[in-house]
Amino acid sequence: MTLSLDWMIPLIPEEIVIIFALAALAVDFAIVRRMNPAVRWRVIGATACAGCVGAMIWIGRATNYGTSEMLALSPLTQFIKLALLGLALVVVVLSLDARFTRHTGEYYALLLLATAGLMLLISSENLLMIFIALEILSVPLYVLTAFDKTREASAEAALKYFLFGSVAAAFTLFGISLLYGMTGELGLGAIAAKLRTQPVEPVCYAALVMTLIGFAFKVAAAPFHFWAPDVYEGAPAPIACFVASASKVASFFVLAKIVIDGFGPIRGGAAWNDFRAGWMPVLAVLAVLSMAGGNIAALAQTSVKRLLAYSAIAHGGYALLAFFGNARQMLPALLFYVITYALTVLGALAVAGAVENSANGDRMAAWAGLGRRAPLLAVCMFIFMLSLAGIPPLAGFFGKFYLFTAAAAGQPHLGMLWLVIVAVGASAISLYYYLQVLKQIYAVPPPAGAMPLRASRAALFPIALLAALVIVFGCAPGWLLGRLSAVLNSSAF
Amino acid sequence: MLAWTILISFLGAAALVLLPAESRRAARHTALLTALAGLACALAGAVQYERSAASGTPVDLVNFSWIADLHIHFHLAADGVSITLVLLTGIAAVAGVLFSWNIERRTREFFALYLALIGSVYGVFLSFDLFLLFVFYELAIIPKYFLIAVWGSTRREYGAMKLALYSLVGSAMVLVGLIAAYVVSGAQTFDLTELAKYHFPAAFQHWAFPLVFVGFAILAGLWPFHTWAPTGHVAAPTAGSMLLAGVVMKLGAYGALRVAMTLFPEGLRAWQNEIALLAVIGIVYGATVALVQRDLKFVIGYSSVSHMGFVLLGLMTLSKIGLSGAVLQMFSHGIIAGLLFAVVGRMVYDRAHTRDLTELQPMNLSALAPFAAVTFVIAGAASMGLPGFSGFIAELQVLAGAWQVFPRLTLLAGVGILVGIAFMVRVWIKAFFAEGDIKASAIPIEPISMPERAGALVLLGTTVLIGLWPGLLLNLITPTLNSTLFQGMVKGGPQ
């Protein structure tokens, strides 16, 4: 018997990330444990950065694509992994000045493990693999959410996240087992083939709904969103950034993969003149609930992080509109939207973290006069908020525009226009609460004797970079769209 | 030449952002220079257009592929209608800077937002790609909000938010209509002239037209969606109200004409009477409410609703005389409303610190500030529509056009004019010419400054010039209304 290691080759980027995760632990234990915190965070952070960058370089160079029953490596999956690694890298840098825990090595190791889970999730072609990857992603995130032991909110958030997450995972697992029982398959392609030939039994729809619940939880679509506000508010700031950005991008991609590849034959219909059972009506209901619920709840928030959480729920609802587009536009619209959204919300939460650090809270009052106290942070927040509100020429505007156009064009006779109308209306309402934040920043004078707010360079640099990207992708969306259609065309998705 | 107006304004705004925060003088001069440069470009462009294209067809300024996947082009072009409004924007921008000379708080930011707003307005008037037009249209919302929320007066946060939300709801309606039109026409182009050639199904036009038209007309103060206008105008700083009434309301009317009416001529036929009725209700209602206001700014705010009603009524006549009256009325009202707000906000309120007519009554302003009083009387006469001023020609054309189509409504609109004269006379008497108890010398009042005089003369000169020589603008407007783009609309279908 010869020992072959060939199977490890396609997964080298994931392996790099895992190895560096272990390296971060080892460096911490062996070398820097007794040094002062600044040095310790920087050394271990540099190790984590090296892991992300190494994996990115490998992905950029490797061209061995292929698909097996379990895994798919295509230009598309590799492109999304690059985006995810980029987001993770920003989170790693943002964490450099965090001082909420003494367990630096464990912190970065868990962060990298969660990143590895994300990458695996992107490549999985098999429901069981998808489930495993989801757990590899989720378990570190539960722990990381609880990492700030000085705050009760952190523990509470983690507990909620864990309880909701595990129930949702149970639903998904049950759905998968039902599917397996009916079709005898776990691969997405094989399931689709069976569904196409077999008569569709009612229990099939039960399986569909249960599987989707797990993902609705992951993307924080209403009514499975209850964990989100607490996690955004309670988790350490960089972890909230990670949950809101990278985790969301990956979850949406996998959701798209499952419903198109796996459940393609039972799509049903959600057009106003053609309502049929399938995943389309389920997603349409989730979208409406998320857009309406998220936006209305956000109107009443006084904490900016909670406001961003509810706005994230609403944005999840907008993103679901992409699923009603036609085959050619659906994925570019979805991916453009979630990637630019991830950049924006990552930046906004990072600013919120910086403000929270200096003002002991992120209540609206803590933002008063930020335009005076920290001009650069304020300008960046201005850009992020307006992009989330969908004001041109920022990335969020074009992302929404493309989503809405794709959804309207996706079904014959403007079938999905009703959902577009809901989305456009919801989006108009949302300007109200984004402007509330901006009003605090620019229109309300700073409290008497307020000191200028100094954010560390490790926070300022990524935030400014993200703001610049939001402008660039808004003014010239052609580059990202071109990349997306190029990788899509060569991936035969 | 005309495309430079947009670029110059945004560059001016960017330059202001980079100035040091304390340099108020430099900020003012930069803003004035930028506005003047914009006006110069607009004038040069207008002359160039009139010499080269007598046929009134649109002339391309810039056209390149912007977002290829969706067939979106960065397409700027101009015809007589857009040039008229670009000229208005240029003049209003210069006057607005002159009347904001006394802004001392966060001067640099004020003018940066001001120029950003001006740049977006130029952009809307010159865009011939619907996506681009919509981008500029939405871009204008944010500066408006901050100009009012930071530098405004009475209930400024409420007024600012109300304006922002009304604008956004209007543009949401427009967006739905645009996306639907794009999809129905085969998702091949957002180009205005191309889409105008496409024959949209009648059933589609019947719901798309009111959606897009009302979406735009909210910003033009169409009754009953006008309620943002009085509160917004009152809350805004002087230059803000001047721009709101002067050019922002025209964005709405322009969009209604340029997009809703040209794309959906059959829908327009179907809804013509209903919208004309709303326009006339606006004329009469605005004038009547203005008659009983105590706050001087509210008087002018409601009078704007009334005068914009003439624009919408003129649009609904679909006759050449009515349409050219509507476009001329956009220009004329922009100048006159700007002037009235300048007198009320800058010359009166900044000195007397009140706009309440009962409090102004004893002050005897005509003796305290004769320049303000004279300016206001002339502007009021122009606003009433007396001959010799631009408003006369415009409203006369609108009424002549409307008489042929809606005789009864035209009579009602005539009543609106009479009420308009009444409220203006009431304001003259109460605010300026009441016999006051207080001696003129009792209140020290700062004299009217040079920039104010210059701004007032620019606006007064314009309205008199157009009043005496309307051909200057009608030579631009009439050929354009005869061009194929608008003829399809008048005849009820694409050529």
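How many salt bridges does a search of the whole structure find over all chains? The tally comes to 24. Keep in mind that this is a predicted model. With that said, let's start where the two chains meet and then work through the salt bridges inside each of them.

Chain A brings 34 residues to the contact, and chain B brings 35. Between them the two chains bury about 3,100 Å², and 81% of that sits on carbon and sulfur atoms. If you want to find the residues of chain A that lose the most area to chain B, look at A:Phe401, A:Leu414 and A:Leu435, which together make up 17% of what that side buries.

The polar side of the story is a short one to tell. Four residue pairs are in polar contact between chain A and chain B, counting pairs with both residues at pLDDT 80 or more. The rule also finds two salt bridges across this interface. One of the salt bridges to look at joins B:Glu157 to A:Lys439, with N to O at 3.2 Å.

Which helices of chain A each supply at least two residues to the side that touches chain B? They are helix 16 (375-389), helix 17 (395-410), helix 18 (417-443) and helix 20 (478-489). Helix 18 gives the largest share, 13 residues. Sorted by class, this side of chain A has 26 nonpolar residues, six polar ones and two charged ones.

Now step inside chain A. A:Arg363 and A:Glu233 form a salt bridge, and their closest N and O atoms are 3.4 Å apart. This pair links distant parts of the chain: A:Arg363 is in the loop between helix 14 (327-359) and helix 15 (370-373), A:Glu233 is in helix 9 (residues 227-234), and 130 residues lie from one to the other in sequence. Are the two partners buried or partly exposed? A:Arg363 has a relative accessible area of 44%, so it counts as partly exposed, whereas A:Glu233 is buried at 18% because the cut-off for buried is under 20%.

Both residues also belong to something wider. A:Glu156, A:Lys160, A:Asp230, A:Glu233, A:Arg306 and A:Arg363 are linked in a network of salt bridges.

Elsewhere in chain A, the side chains of A:Asp148 and A:Arg151 meet in a salt bridge at 3.7 Å, N to O. Here A:Asp148 is the buried partner, with 7% relative accessibility, while A:Arg151 is partly exposed at 28%.

Over in chain B, B:Glu104 and B:Arg28 pair up through their side chains in a salt bridge of 3.1 Å, N to O. B:Glu104 lies in the loop between helix 3 (80-99) and helix 4 (107-126) and B:Arg28 lies in helix 2 (residues 24-52), so the salt bridge ties together parts that are 76 residues apart in sequence. As for accessibility, B:Arg28 is buried at 9%, and B:Glu104 is partly exposed at 44%.

Finally, have a look at the strands of chain B. Strand 1 (residues 59-67) and strand 2 (residues 72-78) pair in the antiparallel sense over seven bridges. To get the register, find B:Phe64: its bridge partner in strand 2 is B:Phe74. The two strands form a hairpin with four residues between them, and B:His71 in the turn has a positive phi of about 60°.

Conventions:
Residues numbered from 1 in each chain as written. Chains lettered and ligands numbered in written order. Predicted model: local features only at pLDDT ≥ 70, side-chain atom pairs only at ≥ 80, totals over all residues. Heavy atoms only, no water. Contact = heavy atoms within 4.5 Å. Buried area = accessible area lost by both parts, 1.4 Å probe. Salt bridge = Lys/Arg side-chain N within 4 Å of Asp/Glu carboxyl O. Polar contact = N/O pair within 3.5 Å; in protein donor to acceptor, adjacent residues only side chain to side chain. Nonpolar A, V, L, I, M, F, W, Y, C, P; charged D, E, K, R; others polar. Buried < 20%, exposed > 50% of the residue type's maximum accessible area, 1.4 Å probe, protein only. Pairing = 2+ DSSP bridges.
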